[in-house]
Each structure stands twice: as C-alpha cells, then as structure tokens.
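Here's a quick tour of a protein model, written for someone just starting out. Have the sequence and the 3D view open side by side, and let's look at a few spots together.

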Amino acid sequence: MFPVFQYQPLRLITQNSLSSMCLKLTFSRPVAFAQIWKSWFSSHSLLGKKNIILMGPPGAGKTTTGRIVGQKLDCPVIDIDDDVLEKTWNMSVSQKLQDLGYEEFLEEEGKALLKFSASGSVISLSGSNPMHAAGMQHIKENGIVVYLDVPTSVIMSRLKSKQMDRIVGLSPGVSLKDVLQFRKQFYKRWFDIRVLCGGDVAAEVVAEKVLDAVKRYQDSELETFISTRSSRSGRSTEEDSNKFYFSDVVIQGLALDGGLFVPERGLPKFTAEEWQGLIEATYVERAQVILERCIHPADIPASRLAEIIETAYGENFSCSKVAPVRHLAGNQFLLELFHGPTASFKDFALQLMPHLFAYCIPRSCNYLILVATSGDTGSAVLDGFSRLHDTDKQRIALMNFFPEDGVSPIQKSQMIGCQKENAWSVGVKSDFDFCQTAIKQIFTNSDFTGFLTVEYGTALAAANSINWARLLPQIVYHASAYLDLVHQGIISFGSPVDVCIPTGNFGNILAAFYAKMMGIPIRKCICASNENNVLTEFIRTGVYDLRGRKLISSFSPAVDILKSSNLERYLHLIANEDGQLVTQLFNQLENQGHFQLQKDLLGKLQQDLVAGWCSDEDCLAAIHSVYSTTGYILDTHTAVAKVVADRLQDRTCPIIISSTAHYSKFAPAILRALRIAEINQNPLSQLHLLSSYSALPPIHWGLLETLKKTGNGDHQVCAADMSVLMSHIETLIQNHFMKVF
C-alpha cells in the first residue's frame with residue numbers, strides 16, 4: 001500500500017523501533033524519523049497506478065490542464081462531468097442540476113463517483129465533487145489530489161465571461177462569491193498538493209506546475225537540512241546517509257556540531273503571480289500556502305498542517321487580521337505583532353511550533369523543551385505548550401530560563417503566572433547570553449543527554465529561535481505585511497519597501513530577509529539596536545567584537561543581547577554555505593571574543609542590511625513624540641526601531657516598522673515616557689493607569705486578565721552555574737515524567 005494517505009508517517013514504524021530511535025537520539029547523530037516514510041516516495045514513478053486528481057472551483061481550468069498533463073504523461077484523461085456524470089445520466093450536468101435541485105444533485109453526483117474507478121489516469125473533478133465526503137474518500141484512495149487554487153476574483157471574472165449560471169449552491173439570495181467561499185473548506189479538506197494559479201497564467205504553465213508539484217510530493221529527498229557548520233565538500237559518507245528532514249530538525253533543534261539547521265537547497269521561491277494570488281487571502285490562508293511550500297507533506301500532510309495553523313491563529317489572537325498593518329505617519333507603517341495571547345511577536349511562532357513539535361515526535365519518547373529568554377519568549381512558549389492536548393502534555397515538559405534581573409516586572413509576572421503542570425520558569429542570576437550559551441552547551445554535552453535518556457527515557461529539545469520551526473512562521477508575517485500594503489492600495493505589487501526591525505538575536509530580521517529571498521520585494525532590512533549595539537557595529541564594519549563589552553540593561557530588554565545566534569544562519573547563506581568558514585568564525589568568537597568578515601562578504605552583507613541604534617533617552621522621547629502627535633503608544637522596542645528608521649530611511653519608498661510587543665508589557669518605561677511623575681510599582685496598577693489614557697492601540701486586556709489571575713507567584717531562582725542548571729533539569733524530569741508514568 002502506498003502510504004501517501006496516512007496522516008501520521010511515524011505510525012508506519014513499530015513502537016519498539018521508535019524506542020530504539022529515542023535512545024539513539026542523544027548518543028549519536030539522530031535517526032531521521034521520517035526516512036522510512038520518505039523512502040516510499042522515491043521508489044515510485046511519477047504516476048504508476050495512481051491517479052492525478054485535479055480539484056478546484058468551476059472555472060479553475062481543471063479540464064484544460066488535465067488534458068495537457070495527460071498528454072505530457074501519455075496517459076488516459078478523464079473529465080468527471082463529461083466522461084462520467086453525463087454518460088451515467090444521459091443528460092447534461094446543468095439539466096440534472098435543474099431537475100434535482102442542490103442537495104439531491106450532490107447526492108446523485110456522489111453516488112456516481114462511488115461507482116467510478118480508474119488507475120494511472122489524470123482525472124478532472126467537477127467543482128462540487130469535494131462536497132460529497134464518501135465519494136471523495138473513494139476516489140482519493142487511489143490518487144494524489146491536486147488543488148488548483150485560483151483567487152476568487154479571478155474565478156468570478158472567468159465565470160461571468162463564460163456566462164455560467166448553473167453553479168451548485170447558487171440561488172436567489174446567495175451570491176456567487178458566497179458559494180465560492182463556502183466551497184473552500186471542502187477543497188482544503190481533501191487536497192494533497194496545492195498549485196497556485198494566477199489570473200493570466202496559461203494552462204500550459206499550470207500543467208507544468210502540477211507536474212513539478214507531484215514530483216516534489218513523491219520525492220522528499222530533495223528537502224533535507226544541513227548544519228551551518230557543515231559544507232557539501234567536507235561532508236562524510238555517514239553525514240550524507242544520515243539525512244535530516246523537517247521533522248528531524250524540529251525535534252533536535254540544534255545540530256550536534258553546534259551549528260544551526262538550514263534547508264540544504266534553500267527556501268522555495270514564489271513567482272510574482274503566485275504572490276499576487278494571495279493579496280485577497282486572509283492571514284491564515286497566506287500562512288497555509290507559504291508553510292506548505294516549506295514543509296514537505298511527508299513530514300506534515302497539508303490537511304493536518306492546515307488544522308494546526310487554524311488552531312494557532314484562530315481564537316488565540318484578539319485581532320481578526322492577526323498581524324494588521326497600520327499607517328503611522330508619512331511613509332511609515334507599523335506591523336502590529338502583539339495581538340497574540342502574551343502580547344508579543346513571539347506568539348506567532350510559539351502558538352504554532354508546539355503543535356508542529358507534538359506532531360513530529362515519536363509517541364514512545366518523552367521530551368523536555370529547554371528555553372532561554374530575554375523577556376517575551378518565556379511567557380509565549382509557556383502559553384503555547386500549555387495549549388497542547390493533555391496527552392501531549394504528559395510526554396512534553398518545558399523549562400524556561402530567564403535573567404532574574406534582566407526582564408521587566410510585567411514580563412516576569414507573566415512568566416511566573418504562565419507556569420503549568422508541565423512547565424516551569426527558572427530565574428538565573430546572570431544575563432540572557434549566559435542562559436542561551438548554557439542551553440547550547442547542555443545540548444552538546446553527550447554525557448548528560450545520554451544519562452537523561454538512559455535513566456529517564458527523556459530527550460532534550462529546543463524552542464528558542466535556534467529551532468527552525470521557530471523561525472519559519474516569522475517569514476509569513478513579513479510577507480503578509482507587504483501583501484496588505486498592496487491590498488490597501490498603498491503600493492502596487494513589485495514596488496519596493498524597506499523594513500526596520502528591533503533586533504537582538506537576529507531571528508526576526510532574518511525572517512524578513514528570507515521573505516525577500518522567496519520573492520517579496522523588500523529593498524533594505526534595517527537592523528535597529530539599543531545601546532547593546534554590537535550588531536550595528538558589525539554591519540557597519542564587519543567586525544563582531546565582544547571584548548571588553550558588558551551587557552547594558554535597557555528599557556528594551558528583548559534586544560539586550562550581545563551574541564546573536566541567528567546571525568550564523570545569515571553568514572552561512574552569504575558565504576555560499578561554507579560551513580568551514582562559519583565554524584572558524586564562531587569558534588573564534590567563542591574563544592577569542594571577536595571575528596572579522598572578509599571584505600567580499602562584508603560587501604554582500606551591506607547590500608542587504610543597514611543598521612543603527614538609539615539610546616534609552618531617544619527611545620522614551622520617541623514614545624512621547626509619537627503619542628503627542630498621533631495618540632498612538634509605541635512599546636520601547638518599536639520606539640527603538642522608529643528612531644533608527646527616522647535616521648536611516650531615505651523616504652523613497654514605504655518602510656514597515658515591526659511593532660514587536662504591546663506597550664502594556666513595559667508600563668514603567670511607558671509611564672516615564674509619558675512623563676507621569678508618580679509610578680506605582682504594582683504591575684496591575686500600572687496597567688490600569690495606562691488604560692486611562694484611551695490611547696491607540698487599547699490596553700492589552702488579555703495581559704491584564706493574566707496578571708489579575710496569577711499575581712506574583714513563586715518561581716525558582718538559581719546561580720549562573722552549569723551544574724546547578726543541569727540539576728534543575730533533572731529534578732523537573734523526575735517530578736513530571738516519573739509521576740506521569
């Protein structure tokens with residue numbers, strides 16, 4: 001049996017083999033869990049006895065595309081309307097619909113589909129076939145369903161030009177647009193592959209895209225990951241044979257050589273027509289299309305991925321647009337990334353990543369997630385993993401390390417209040433850089449990780465932005481922001497924009513650069529730092545120098561970072577995947593506290609990035625100025641980006657400033673910026689005072705409710721000592737997994 005239609009690839013593997021895989025995970029290079037599943041794809045021809053089944057709304061071009069695909073494959077072509085329904089009924093489909101009416105027609109159409117069988121053919125479905133569950137289940141059993149996804153406006157224009165008025169479901173009081181929107185839920189349920197089809201794309205081009213998509217579906221060997229510290233020329237035979245797929249890198253997080261995982265063949269590229277086809281789409285729809293291209297269906301089938309995305313970005317976000325773009329002033333626009341449950345941009349990744357992780361891990365293993373945070377990640381990861389199903393929470397626990405004196409009072413209250421039965425927060429008497437470095441060292445300590453596996457049956461995983469599944473969802477909102485400006489008529493597609501992003505660990509700005517690589521017309525990525533401006537100096541000079549530097553506590557603590565982990569991914573990219581060079585640079589940084597880029601690499605970097613920084617005083621002044629002129633309150637990180645954008649933009653194109661957190665999280669600094677003399681130290685009192693300003697955006701009520709419910713609960717505090725941190729990890733494992741089992 002060809003396993004394309006199983007929803008969980010790991011179910012093909014026995015529980016015993018999974019147990020051995022779990023043990024191998026921490027002793028040596030991890031087994032590629034999806035490899036057994038993926039071998040099925042590469043051992044089959046493009047079609048074989050399977051059918052290619054084209055699905056989509058009326059007017060999508062299924063019939064014409066099907067004929068071209070059939071010619072290219074030299075195989076039979078079957079049109080359900082012409083070759084099955086009309087021959088079965090001895091009348092036209094439109095006449096049958098007129099005779100029976102909507103509901104009875106669907107039932108008769110489904111019955112005809114249930115009696116139909118074929119193999120090795122290209123089949124063009126009717127637009128309404130997917131609305132009959134039993135019929136679709138039957139035909140899907142022997143085929144790969146390809147969804148021709150055409151924008152609704154294009155379909156309406158095509159149907160109008162053809163004067164097609166016999167559409168199943170169309171009736172007085174129900175518009176064609178309503179019918180097409182209603183049907184989308186059925187198309188999303190059944191497809192294996194989505195092919196984006198713009199308005200002016202020739203059928204020949206669509207047919208080629210269908211064939212390319214089917215080839216990708218059947219051959220996942222092309223979508224592997226490598227470490228930033230490995231290079232193709234220097235890879236051993238063992239490394240080549242032990243491939244890493246998306247599901248593997250989600251689980252492992254950090255490569256065993258200390259590098260970060262990146263796609264071996266880069267990210268997928270969208271054509272201009274494909275991006276334009278997403279202009280009318282919702283945020284959730286855009287996320288589904290983009291992530292489907294980045295995650296192979298052998299790792300997570302499209303239908304399951306869609307469910308995960310809808311769960312992540314549905315009711316958990318207070319704004320229906322999820323990541324709205326708001327005009328600030330002049331040519332500056334704000335990308336509001338704080339409408340999630342914990343009021344920061346981290347929610348975009350951490351409402352999604354836990355579900356991806358829970359899907360990918362083997363059922364016979366326990367996992368402890370380790371997280372280091374400079375502020376916002378902590379509450380976001382705690383909230384995200386707390387929303388998993390109870391059965392998943394029994395086998396997934398989480399430990400969050402944060403600098404005890406390096407986050408805002410409200411951030412600390414959130415992290416303490418978000419602790420659950422499977423998740424703990426630990427304050428560390430040091431800074432974020434220590435916490436992050438400690439986690440990396442723990443992951444590469446094979447003695448300790450091996451001990452945890454043997455003694456407790458528990459493997460470690462990471463949820464920081466070093467994990468590819470954390471970075472990937474951030475690409476979506478940068479692409480979506482550009483499409484929103486096009487949709488609002490601010491720009492036409494193809495016109496450039498700049499982006500300005502408050503930057504510490506380099507993940508958010510890297511995601512914007514990835515969106516550019518995938519086809520979004522971003523001109524410059526502007527890196528905005530506070531007084532911890534090591535990145536600004538690096539981008540300007542090519543010298544990354546930590547010698548003599550001490551971390552400075554600022555009003556924008558999420559970017560109080562000196563070692564930017566995701567910079568490694570960017571350097572690996574511009575160095576043409578020279579893992580040897582990346583290893584040399586970061587070993588030098590670790591051992592000597594500095595490194596310098598070669599002149600040619602610095603030139604490449606400066607084509608992509610510009611950088612600036614601002615002081616705390618300038619940050620507060622910007623908050624006051626913007627509120628005075630617009631009534632809008634920026635958070636401290638967004639204010640850093642605003643100051644830098646004002647200094648560096650050339651005003652020849654729009655600039656999108658990432659608003660990465662809600663100002664409510666930094667109430668003392670905001671009240672100081674608004675020049676309030678008396679500031680109560682109680683976080684709840686601070687939020688109530690801010691709410692009295694009736695500012696834009698409104699107070700984050702979810703944050704207010706969290707603080708009301710939780711107050712300042714207990715949490716553990718430990719010294720900045722590796723052995724102490726490892727002791728805390730072992731204790732958590734004992735307390736959670738040993739009780740569960």
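What follows is a set of short notes, grouped by topic. Keep in mind that this is a predicted model. We'll start with Lys346, a lysine that UniProt lists as a modified residue, then move on to Asn316, Gly199 and some helices.

**The lysine with a record**
- In an unreviewed UniProt entry, Lys346 is listed under "modified residue: N6-(pyridoxal phosphate)lysine".
- You'll find Lys346 in helix 16, which covers residues 346-350.
- Lys346 has a relative accessible area of 14%, so it counts as buried, since the cut-off for buried is under 20%.
- Who does Lys346 touch, if you skip its neighbours within four places in sequence? Its contacts are Asp376, Thr377, Ala380 and Arg470.

**Asn316 and its partners**
- Asn316 sits in the loop between helix 15 (302-313) and strand 8 (325-329).
- Even though that's a loop, Asn316 is buried, at 18% relative accessible area.
- Its side chain makes polar contacts with two other side chains: Gln351 at 2.8 Å and Arg387 at 3.2 Å.
- Leaving out neighbours within four places in sequence, Asn316 is in contact with Thr311, His339, Gly340, Pro341, Gln351 and Arg387.

**Gly199, in another loop**
- Look for Gly199 in the loop between strand 5 (193-196) and helix 10.
- Is Gly199 buried or partly exposed? Its relative accessibility is 38%, so it counts as partly exposed.
- Not counting residues up to four places away in sequence, Gly199 touches Val154 and Arg158.
- Gly199 and Ala60 are 139 residues apart along the chain, yet their C-alpha atoms are separated by 9.7 Å.

**Helix 10: a quick length check**
- Helix 10 runs over residues 203-218, which makes 16 residues.
- At 1.5 Å a residue, helix 10 should span 22 Å; its end C-alpha atoms are 23 Å apart, so the two agree.
- Several residues of helix 10 are buried, including Val206, Ala207, Val210, Leu211 and Val214. Lys209, Tyr217 and Gln218 are also among the buried ones.

**Helices 15 and 17: a crossing**
- The axes of helix 15 and helix 17 (residues 353-360) come within 9 Å and cross at roughly 145°.
- That crossing is right-handed.
- Helix 15 brings Arg304, Leu305, Ile308 and Thr311 to the contact, while helix 17 brings His355, Leu356 and Tyr359.
- You've met Thr311 already: it is one of the residues in contact with Asn316.

Technical notes
Residues are numbered from 1 along each chain as its sequence is written. This is a predicted model: local features need pLDDT of at least 70, side-chain atom pairs count only at pLDDT 80 or more; totals for chains, interfaces and linings use all residues. Side-chain values use heavy atoms; hydrogens and water are left out. UniProt positions are given in the numbering used here, feature names are shortened, and annotations may be inferred rather than shown by experiment. Helices (H or I, at least four residues) and strands (E, at least two) are DSSP runs, numbered from the N terminus. Buried means under 20% relative accessible area, exposed over 50%, partly exposed in between (1.4 Å probe, protein chains only). Contact means heavy atoms within 4.5 Å. A polar contact is a pair of N or O atoms within 3.5 Å; within protein, one must be able to donate a hydrogen and the other to accept it, and residues adjacent in sequence count only if both atoms are side-chain atoms. The expected span of a helix is 1.5 Å times one less than its number of residues. Axes are lines fitted to C-alpha atoms, for helices over the stretch in contact, and angles run from 0 to 180 degrees between N-to-C directions. A crossing is left-handed if the near helix is turned anticlockwise from the far one by less than a right angle, and right-handed if clockwise.
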